[in-house]
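Visitor: I have a model open and I'd like to learn how to read it. Could you walk me through it, feature by feature?

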Amino acid sequence: MQAESSHLRSTTEARRREFERLVLDVRGCFACDRMAHSHVLGEANGSLDARVIFVAEAVGRRGGAVTGVPLTRDESGKRFARFLELAGIPRNDTFVTNAVLCNPLDKLGRNRPPTPAEAAGCRPFLARTLDVVPAPLVVTLGRVALESLRAIAPHDADLPRDVATPVAWRGRILIPMYHPSRQSTLHRPQSAQEDDWRRLGEIVRTHLKRAERITI
Ligand code: SF4
């Protein structure tokens with residue numbers, strides 16, 4: 001028992017040290033030139049022991065680029081908070097990150113979607129984040145995140161077909177969701193998205209209850 005708890009402590013400690021290295025590596029990265037280099041990754045993203053990790057698209061100029069925390073302050077951040085509330089998932093129990101850790105801007109200084117090359121460039125950081133945050137439930141928010149995960153390890157998930165549906169991925173459960181931006185309601189209506197988030201809450205609670213039963 002003592003050996004087991006000391007092993008767990010050393011594993012946790014190793015992950016914490018690896019996360020510190022990762023954060024430093026991200027801060028030193030300027031590979032993409034059409035970005036505001038906000039490098040949003042750090043302790044404020046959440047606990048390394050979170051049971052749920054959310055992966056969104058990229059840092060927003062009025063959100064994470066200002067606060068240093070993904071999906072906060074701007075409209076997408078406020079919508080994400082409301083969706084979490086609908087799902088009954090406390091943000092403190094999650095880790096939230098982006099497929100692209102800086103803020104992609106267009107020539108007029110507005111948010112733009114990251115290019116496939118930018119997402120590919122940032123992918124090693126996402127893969128390392130998924131290693132140090134071994135949450136059993138991985139929730140992607142939007143297509144960019146879903147495709148980034150597919151490039152890390154293949155999966156069969158299709159966003160319109162599999163939204164709010166658990167899909168096996170690398171010994172974890174992947175759940176594709178739409179991005180919480182208002183624009184996403186052009187592809188899936190608000191009321192359907194609210195149902196998706198309620199379903200996500202049920203999936204998370206069912207999975208965690210089952211996992212507790214197994215560990216007891
Ligand atoms: S988005 Fe990622 S790959 Fe591009 S500069 Fe920022 S940290 Fe580096």
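**Reading the model, one feature at a time**

Guide: Let's start at one residue: Cys32 counts as partly exposed, with 18 C-beta neighbours inside 10 Å. Keep in mind that this is a predicted model.

Visitor: Where is Cys32 found, and with which residues is Cys32 in contact, leaving aside its neighbours within four places in sequence?

Guide: Cys32 belongs to the loop between helix H1 (2–27) and S1. Setting aside neighbours within four places in sequence, its contacts are Cys102, Glu118 and Gly121.

Visitor: Some of those names make me think of the ligand. Which residues are the closest to the ligand?

Guide: The closest are Cys29, Cys32, Cys102, Gly121 and Cys122, out of 15 residues that surround the ligand. So Cys32 turns up in that list, and two of its contacts, Cys102 and Gly121, do too.

Visitor: Which helix gives the most to the shell around the ligand, and how do the shell residues divide into nonpolar, polar and charged?

Guide: Helix H4 (residues 116–132) gives the most, with 4 residues. By type, the shell has 11 nonpolar residues, 3 polar and 1 charged.

Visitor: Let's move to helices. How do I read which way one faces?

Guide: Here's the general idea: an α-helix has 3.6 residues a turn, so residues three or four places apart point the same way. Now take helix H3 (residues 75–87), whose buried residues are Ser76, Gly77, Phe80, Phe83, Leu84 and Ala87. These buried residues cover an arc of only 120° around the axis, which puts them on the same side of H3.

Visitor: How far does H3 reach from its first C-alpha to its last?

Guide: H3 has 13 residues and reaches 18 Å, close to the 18 Å expected at 1.5 Å a residue.

Visitor: And what happens just after H3?

Guide: Gly88 sits there, with a positive phi of about 70°. Gly88 is also a handy landmark for distances. Its C-alpha is 37 Å from that of Cys32, with the two positions 56 residues apart along the chain. Arg205, 117 residues apart from Gly88 in sequence, is 9.1 Å away in space, C-alpha to C-alpha.

Visitor: Where does Arg205 lie, and is Arg205 buried or partly exposed?

Guide: Arg205 lies in helix H7 (residues 190–215). With 13 C-beta neighbours inside 10 Å, Arg205 counts as partly exposed.

Visitor: Back to phi. Which residue has a positive phi although it is not a glycine?

Guide: His39 is one of them, at about 50°. The loop between strand S1 (35–36) and strand S2 (52–58) holds His39, and with 22 C-beta neighbours inside 10 Å, His39 counts as buried. Ala164 is another residue other than glycine with a positive phi, near 55°. Ala164 is in the loop between H6 and strand S6 (167–169), and is buried, with 21 other C-beta atoms within 10 Å.

Visitor: What about H6 itself? Which residue is found there?

Guide: Asp162 is found in helix H6 (residues 159–162). Asp162 is partly exposed, with 17 other C-beta atoms within 10 Å. Leaving aside neighbours within four places in sequence, Asp162 is in contact with Ala157, Val167 and Pro176. Met177, 15 residues from Asp162 in sequence, is 8.4 Å away, C-alpha to C-alpha.

Visitor: One more residue, please. Where does Pro136 lie, and which residues does it contact beyond its neighbours within four places in sequence?

Guide: Pro136 lies in the loop between H4 and strand S5 (137–141). Beyond those neighbours, Pro136 is in contact with Arg51, Arg172, Ile173, His207 and Ala211. Pro136 is partly exposed, with 15 other C-beta atoms within 10 Å.

Visitor: Let's zoom out. How many helices and strands does the protein chain have?

Guide: There are 7 helices and 7 strands, and from the N terminus on they run α-β-β-α-α-β-β-α-β-α-α-β-β-α. The radius of gyration is 17 Å, close to the 17 Å that the globule rule gives for 216 residues, so the protein chain is as compact as a globular protein of that length. Along its principal axes, the C-alpha trace spans about 60 × 40 × 30 Å.

Visitor: What share of the residues counts as buried?

Guide: Of the 216 residues, 37% count as buried. As for contacts between residues at least 6 apart in sequence, 71% join residues at least 24 apart.

Definitions and conventions
Residues numbered from 1 in each chain as written. Predicted model: local features only at pLDDT ≥ 70, side-chain atom pairs only at ≥ 80, totals over all residues. Helix = DSSP H or I, 4+ residues; strand = E, 2+ residues; numbered from the N terminus. Expected span 1.5 Å × (residues − 1). Buried ≥ 20, exposed ≤ 12 C-beta atoms within 10 Å, placed from the backbone. Arc of directions from axis to C-beta. Near = placed C-beta within 6 Å. Nonpolar A, V, L, I, M, F, W, Y, C, P; charged D, E, K, R; others polar. Rg over C-alpha atoms; globule rule 2.2 N^0.38 Å. Contact = placed C-beta atoms within 7 Å.
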